[in-house]
Amino acid sequence: MEATAGQVIHLADYRPTDFVLERVDLTFELDPHQTLVIQRSLMHRRDGAAEDAPLVLDGDELTLKSLMIDSVELEPGQYTLGERQLVIHALPTGVSFEVTVETVLDPEANTKLMGLYRTNGTYCTQCEAEGFRRITYFMDRPDVLGVYTITIIADAKANPVMLSNGNFLGAGDYGDGRRFAAWFDPHPKPSYLFALVAGDLGVVEDTFTTMTGREVALKIYVEHGKEARAAYAMDALKRSMKWDEEAFGREYDLDIFMIVAVSDFNMGAMENKGLNVFNDKYVLADPETATDQDYANIEAIVAHEYFHNWTGNRITCRDWFQLCLKEGLTVYRDHEFSADQRSRPVKRIAEVRHLKSEQFAEDAGPLAHPVRPSVYREINNFYTTTVYEKGSEVTRMVATLLGRESFRKGMDLYFERHDGQAVTIEDFIKCFEDASGRDLGQFSRWYHQAGTPVVSVSATYDSAARNLRLSLEQMIPPTPGQQVKEPMHIPLAMGLILDNGSDAVPTAVIGGEFSDGVLHLTERSQDVVFEGISARPVVSLNRSFSAPINLNFDQPADDIVHIARHDSDLFSRWQAINHLAMQDLTGAVKSGADKAEASPTLASVIRATVVDESLEPAFRAQVLALPSEADIARELGANIDPDRIHAVRDGIIKSIAIQAGDELAALIEAMRNGSEFSPDAASAGRRSLANAALTWLSYAEDTPDRAAAAFAAADNMTELAHALMLLAHRFAGTPAAQAAVSSFEERFRDNPLVIDKWFAIQATIPGAETLDRIKGLMEGPHFAPNNPNRLRSLIGSYAMANPTGFNRADGAGYRFLAEQIIDIDKRNPQVAARILTSMRSWRSLEEIRAGHARFALLMIDQSGPLSTDVRDLIDRMQRG
């Protein structure tokens, strides 16, 4: 039976292929509309496979030109060609044989940007997850590993650069104005890691000497004239290579490592072996065009893709259900890298903000799924925050459970035992069990159970007995397909803070394992007694967010303030302030009062913290970044009125800002010290605090003057874009805001990545009027409907980051999105599906808005044939 588009795939149905791949030779004769691909694959029948088992090759929108076995052309009766498969029946037995497949492609017409496509004159590939089948008929699955030799033949003038995986073998003249280039990758890899790039590109070159003394050539290819803007990416790459040697003992294994930046790319970047392909927004940076966040993203994503060389490439996934094995693990590694390069507490705060904003919302809605799902319909829809960020948190918990030394031993064993293999989560966990001697069977439920655990806690101190009793209970909410959950093993880092700010050290702990400051919650209900506590302590629980849970712990306000001022864990200090803020925010929303004001407690703690010079500026900036409107909506859970939330949040910020006006103005002056721009973490932290103070002052002064002055004075994109955002968001329609928007466009009209910032700032202006602005921008000269970055920056930003504008009470925002999804889906299903996830929490809206959202989903549902990507999400969101 032929596989069909949208077929439901089950983990339980996994079986290896009937044939074993030995090697692959690929030849590309590149042409914008008539590219010829010749694939020669040597393979043999797997031991135990049926003698009459056919060879089943995957294909998608291919034109088959020729098919041979051992150089003999097959007759039509010897194979079956379907819409998505090529099945070969006539095969040799008992020996290896060579399959030759010739296909013809139209790269210029490939708007899906999967397989081989052409963008701005450059040929490029994207093969993860199932793009290789859009190049040639193949066993396109991650457990089919082979050694690849690649020959590229192309017009010499148009394509002086011809790149592929592995090491360079050589190049030469091919006649008729064409040249060839040959590459060989000695490391077996799955087809999703294949890459090809050809075009006319500039290059930045450097070298790196590995820990064993080998010299590796480093090359970053960009469009001509943009070479200088790749310098920071090159620096980040070298630091990543050094860090991976020091932190994990991983040395690079080829003679060359290459990055290519392209402007049309569905993802952030792709870790193809030896030839990473990047969205150019994650490579190009200079002070005039890139913000501090851009620099941090470049650093993290360059590291992430490089770290995949071992966690994803050398060791890959047996099947796509194991996706978190490469992505979650590698996210953990890039988080650790960034924490070491920058500020660990601030990095952790940023990670948790993102996790709660995106993954917790995913876990609470119709798209919830386990870190390792057991079923999927469209694998592209499982490149989610659950797989990436929650997958990273699960790896982090393994490190917390085992300790640094045992975790490193487990990783070393994983690399040693499984190098060159396609493996499973069970293989990964077994390495840590063998290295540490600890049973991780219950812990493994984190991979299999969806939903965010809720841990409820109460504390009782007995002064006579000098002990503290913690009563804990865990509950995992029902999620689609999983109504009943089993208790998790939850590691809770904690401390018992005394009046002087020090942590009490118990003489004994009864009722649960407590070691190295971590309490292990393993039962559904658990009472734990800490003996030998001389005075009532303040309980600091889930320090550094040691477990991705929702914590219900009704602590007195004085205890939360004590944590905010004295906890040795800076993350917990921030979390305490955030908790106080969330209490004020949600309380004001629920009260329905006309005016929202901060409590004296919250105002006092924030004011004291932001002027505390013992704390780094970046941390203080995080304190001023109160919970977002989306955070408040998530906390409320149901009957969401985005306009009410927006008004309350503005009111509480304003009430504190008015009290702290002098302090905020002084902070701006102190942080902007006139020094030359540097992207380092300390300098970025000072700019972040100055910008946060400027934001709050805009509420207190209620005039655009200060933001307009900041816009005029800015000498870097971080300050310029922030000032523009303040003017556009806080003072939309004023002459100052209109002038800034126009000035920004005029200055950067020829720089698409900066225009993306201009789009995003305008798309997120609060209020119902923004929709008309967006429609106007779509008619303007800068919008390109086939470019994923333009779509994400304008339509994606509106749907995902503008609660009041998108969630208009009349439903116009939802209907607009439905129209755009229907249109985009015809050209690029992946991008359409990503933007559609903005509707995942529609059921939490108040009744009128929820009705409009339901209608918009129905519009998409009934619009006609949809891609599997969009159909899968629509069905799950309506069903959930």
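## A tour from salt bridges to sheets and cores

Begin by selecting Glu336, Asp340, Arg344, Lys347, Arg348, Glu351, Glu393 and Arg396, which are linked in a network of salt bridges (a salt bridge being a side-chain nitrogen of Lys or Arg within 4 Å of a carboxyl oxygen of Asp or Glu). The model is predicted, so local features need pLDDT of at least 70 and side-chain atom pairs count only at pLDDT 80 or more, while totals for chains, interfaces and linings use all residues. Residues are numbered from 1 along each chain as its sequence is written, and side-chain values use heavy atoms, with hydrogens and water left out.

Within that network, zoom in on Lys347 and Glu351, whose closest N and O atoms are 3.0 Å apart. Both lie in helix H4 (residues 344–363), 4 residues apart, about one turn of the helix; helices (H or I, at least four residues) and strands (E, at least two) are DSSP runs, numbered from the N terminus. Lys347 counts as buried because its relative accessibility is 18%, and Glu351 counts as buried at 6% (buried means under 20% relative accessible area, exposed over 50%, and partly exposed in between, with a 1.4 Å probe and protein chains only).

Next, select Lys273 and Asp253, whose side chains meet in a salt bridge at 2.7 Å, N to O. This pair links distant parts of the chain, with Lys273 in the loop between strand S20 (269–270) and strand S21 (275–279) and Asp253 in the loop between helix H1 (231–248) and S19, 20 residues apart. Both Lys273 and Asp253 are buried. A search of the whole structure finds 68 salt bridges.

From Asp253, move along to strand S19 (residues 256–262), which pairs with S18 in the parallel sense over 5 bridges (two strands pair if DSSP finds at least two bridges between them). Here Tyr221 stands opposite Val260 in S19. Strand S18 (residues 215–222) is also joined by 8 bridges to strand S17 (residues 202–209), and these two run antiparallel, with Lys219 in S18 as the bridge partner of Glu205. The hairpin of S17 and S18 has 5 residues between the strands, and there Gly213 takes a positive phi near 90°.

Now display the open sheet of 3 strands in the order S4-S8-S7, where the pairing is antiparallel. Strand S4 (55–58) and strand S7 (79–81) stand at the edges with a single partner strand each, so one side of each is left without a neighbour in the sheet. Between S7 and strand S8 (residues 85–88) there are 3 bridges, and Tyr79 stands opposite Ile88 in S8.

Ile88 leads on to the largest nonpolar core, of 161 residues, in which Phe28, Leu55, Ile88, Phe194, Val283 and Tyr414 touch the most other members (such a core is a set of buried Ala, Val, Leu, Ile, Met, Phe, Trp, Tyr and Cys residues joined through side-chain atoms within 4.5 Å). Apart from it lies another core, of 120 residues, among them Val561, Ile577, Val610 and Ile874.

Val610 is one of the residues that Arg620 touches, as are Glu613 and Met671, not counting residues up to four places away in sequence (contact means heavy atoms within 4.5 Å). Arg620 lies in helix H12 (residues 617–624). Which side chain of opposite charge is nearest to Arg620? That side chain is Glu613, 5.7 Å away, and Arg620 is buried yet has no salt bridge.

How values were computed
Lys and Arg count as positive and Asp and Glu as negative; His and the chain ends are not counted.
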